[in-house]
Every structure is written in structure tokens, then in C-alpha cells.
Amino acid sequence: MQTPSAAAPQAPRAAREPESRPSGNSSNQSTVVNSPVVQVQGLGKTYQTARGALNLFEDLNLEVAAGEMVAIVGQSGAGKSTLLHILGALDTPSAGTVYCASTNVAKLSAREAAAFRNREIGYVWQFHYLLPEFTALENVAMPLLARNMRKVEALRTADKWLSEVELEDRGDHRPGELSGGEQQRVALARALVCEPRLLLADEPTGDLDNSTAGRVFDLIERLHRSHGLTSILVTHNMDLAVRCRRVLRLGNGRLTEITDAGSKPLQAGNLG
Ligand code: ADP
């Protein structure tokens, strides 16, 4: 059985010039890494339903270089969430290979997948899914406690992350005592507290008003840069999507590049 640390095969020649990112979690580091963090080849996904087989993807390919911030847009039902779930080892492909953070995610056992997610993936959903009976600080500390970090250390690290999302004065609030934007910022801190390589965000601002959505997006952008993340964001908000240097449209089981780093600035209206 493949272990979570199994190395990815040699990358096929990149279809696009990768961006570079710092090799560690500090923006001060000068070493750059250009290897792809996500490599999907020939991905197929079929759901078996009562009405028969539902073929979502047949031959989907995707490569995301370290440090890229990519938006995925597309109609509802196109398979955007399913794609993120597969990348994050929450769902399995029916065909093809999916290397994510140097790991063949399709080959992981349930236990290995959980460890892989805890180590490599920060996941943010449209709804915060914070645990209502715990404080913001405890919610952020959860992934650290799940990896058996001592409680005092986990809470100290969680506190640092609450500062990163500018909520250090809300640590003792329960989720019900936070605004929608604050809840999502706590969810972002929880997603990043284990310092993952890859941030997967599924409509992270979809439940927020425009101005709050813009501020949460600003924060994602800032943390993406300062922590050397690779980020893939699903959004239906074109104004936010175009702030990513690379925008992909998912439709008819295929990903199409709408823009690329270095191309002329994109506006929401260009997305067609
Ligand atoms: P999107 O995020 O683009 O709106 P989804 O990935 O959520 O799309 O869903 C794509 C399609 O797959 C939808 O038609 C949905 O009903 C179907 N689907 C999603 N999950 C399952 C499942 N577990 N079983 C069967 N069909 C599913």
C-alpha cells in the first residue's frame, strides 16, 4: 500500500511556467521551489446513482505549481466541489492519477487520508463548521490536538493564528457570539493552524455580504502570500475570481484556462 509520504513520479513537462514560492512558511526565505503541488492526470469520476452512472469527469487534467493562487469557476453541478474533495482526499477518483502535495491521494487508506489532510491540507467551506460548544480559540486548536500536541502548546499556537486573522480579542467567544465574517476568519485560522502546503477553499465567501466577502478574500490573499501557500479557490464571485492570477472554468468535465499569469489584466466581464 502506498504510504502518504510516497513521492510523486517525475512531473511531465509543465504546460505553463510555474510561479515560485518561498520554500518554507516564512516570506523571508529566499530559496524558491517550482515543483507542482497538484498534478492530476486523466481524472475520471463517476457516481453510481439510482438512475444509473453519473459521469462527472472523464479525462480531467490539472497542474498547479507551488505558490499559485488559482480560482475555479463554473456552473452549479459542474463538479467543482467534487474536484476539491478528490484533491483533499475526501473523495476518491474513479480513474486517473491525483498527486497532491507529493502524495498519491487515491491510494490512501481512510486513516492515511485523515493524516494527510491534517498535515498537508487546509480546507475552508462555505459554512464555517465550527463546533458550537467550543470557543474560537479551542476550535482553532482542534487540528493540533488531533495530532496529539500538548494542550497548552496547541492553545498558544491557536492564539497566534487568531492574531493572524485579526481576532486575538475574540478567542473566548463561541461561534454563536461571532459575526459571519469572524466565523469564517476563525475557520481560516483552523484550516491553517497546522501550516499545510495547500489551501482548498470551497466558496469561502459564498455566505457573506459583498464587503465582508471582500475583506475575507483580502485575508486569504495575504495569508497565501505570507505563508507561501498554494491555494485553490472555488467561487461563483467573478469579482473575487479575477483577483487570482489564474482562473479556470470547469464545464462539461473539463478545465479550461480563462487567464494565465502574465496575460492582460482580467475583468469580471472577460470571464464569458
Ligand atoms: P458543484 O460544486 O460544481 O456545484 P458538485 O461537485 O457539488 O458540483 O456536484 C456535481 C454533480 O455531482 C451534481 O450533479 C451532484 O448532484 C452530483 N453528486 C455530488 N456528490 C454526489 C454523490 N455522493 N453521489 C451522487 N451524485 C453526487
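This short talk walks through two sheets, a ligand shell and a set of helix contacts in one structure.

Before anything else, please keep in mind that this is a predicted model, in which local features need pLDDT of at least 70 and side-chain atom pairs count only at pLDDT 80 or more, while totals for chains, interfaces and linings use all residues. Residues are numbered from 1 along each chain as its sequence is written. When I say helix or strand, I mean DSSP runs, numbered from the N terminus, with at least four residues of H or I for a helix and at least two of E for a strand.

Let me begin with the sheets. Strands of a sheet pair through backbone hydrogen bonds, either parallel or antiparallel. Here two strands are said to pair if DSSP finds at least two bridges between them. Four strands form an open sheet with antiparallel pairing, in the order S4-S3-S6-S7. Its edges are S4 and strand S7 (103-104), and because each has a single partner strand, one side of each is left without a neighbour in the sheet.

Within this sheet, S3 and S4 run antiparallel and are joined by ten bridges, and a hairpin of two residues leads from S3 to S4. If you would like places to look, Thr-46 stands opposite Asn-55 in S4, and Leu-43 has Leu-60 of S4 as its bridge partner. S3 is also joined to S6, again in the antiparallel sense, by five bridges, where Val-38 has Cys-100 of S6 as its bridge partner. Cys-100 in turn has Thr-103 in S7 as a bridge partner, and strand S6 (residues 95-100) and S7 run antiparallel with two bridges between them.

The other sheet is also open, and its six strands follow the order S8-S9-S10-S5-S11-S12 with mixed pairing. Strand S8 (121-124) and strand S12 (254-257) are the edge strands, each pairing on one side only. From one strand to the next, the twist averages 20 degrees; angles here run from 0 to 180 degrees between N-to-C directions, and axes are lines fitted to C-alpha atoms, for helices over the stretch in contact. Inside this sheet, strand S5 (residues 69-73) pairs with strand S10 (residues 230-234) in the parallel sense over four bridges, and Val-70 stands opposite Ile-232 in S10. Helix H1 lies across S5, strand S9 (198-202), S10 and strand S11 (246-251), and runs at about 155 degrees to S10.

H1 brings us to the ligand. Which elements give two or more residues to the shell around the ligand? The residues around the ligand, counted if the C-beta atom, placed from the backbone, lies within 6 Å of it, are Tyr-47, Thr-49, Leu-54, Leu-56, Gly-74, Ser-76, Gly-77, Ala-78, Gly-79, Lys-80, Ser-81 and Thr-82. The elements in question are strand S3 (36-49), strand S4 (52-65) and helix H1 (80-87), and H1 gives the largest share, three residues. By class, the shell has four nonpolar, seven polar and one charged residues, where Ala, Val, Leu, Ile, Met, Phe, Trp, Tyr, Cys and Pro count as nonpolar, Asp, Glu, Lys and Arg as charged, and the others, Gly among them, as polar.

Finally, let me turn to helix H3. The axes of helix H3 (residues 136-146) and helix H5 (residues 180-192) come within 7 Å and cross at roughly 30 degrees. That makes H3 roughly parallel to H5, given that angles under 35 degrees count as roughly parallel, over 145 as roughly antiparallel, 65 to 115 as roughly perpendicular and the rest as oblique. The contact, in which C-beta atoms placed from the backbone lie within 7 Å, is made by Ala-136, Asn-139, Val-140, Met-142 and Pro-143 of H3 and by Val-186, Ala-189 and Arg-190 of H5. This contact has six nonpolar, one polar and one charged residues.

With helix H4 (residues 151-164), the axis of H3 comes within 8 Å and crosses at roughly 120 degrees, which makes H3 oblique to H4. Among the residues that meet here are Leu-144 and Leu-145 in H3 and Trp-161 and Leu-162 in H4, and the contact divides into eleven nonpolar, one polar and two charged residues.

Technical notes. Contact = placed C-beta atoms within 7 Å.
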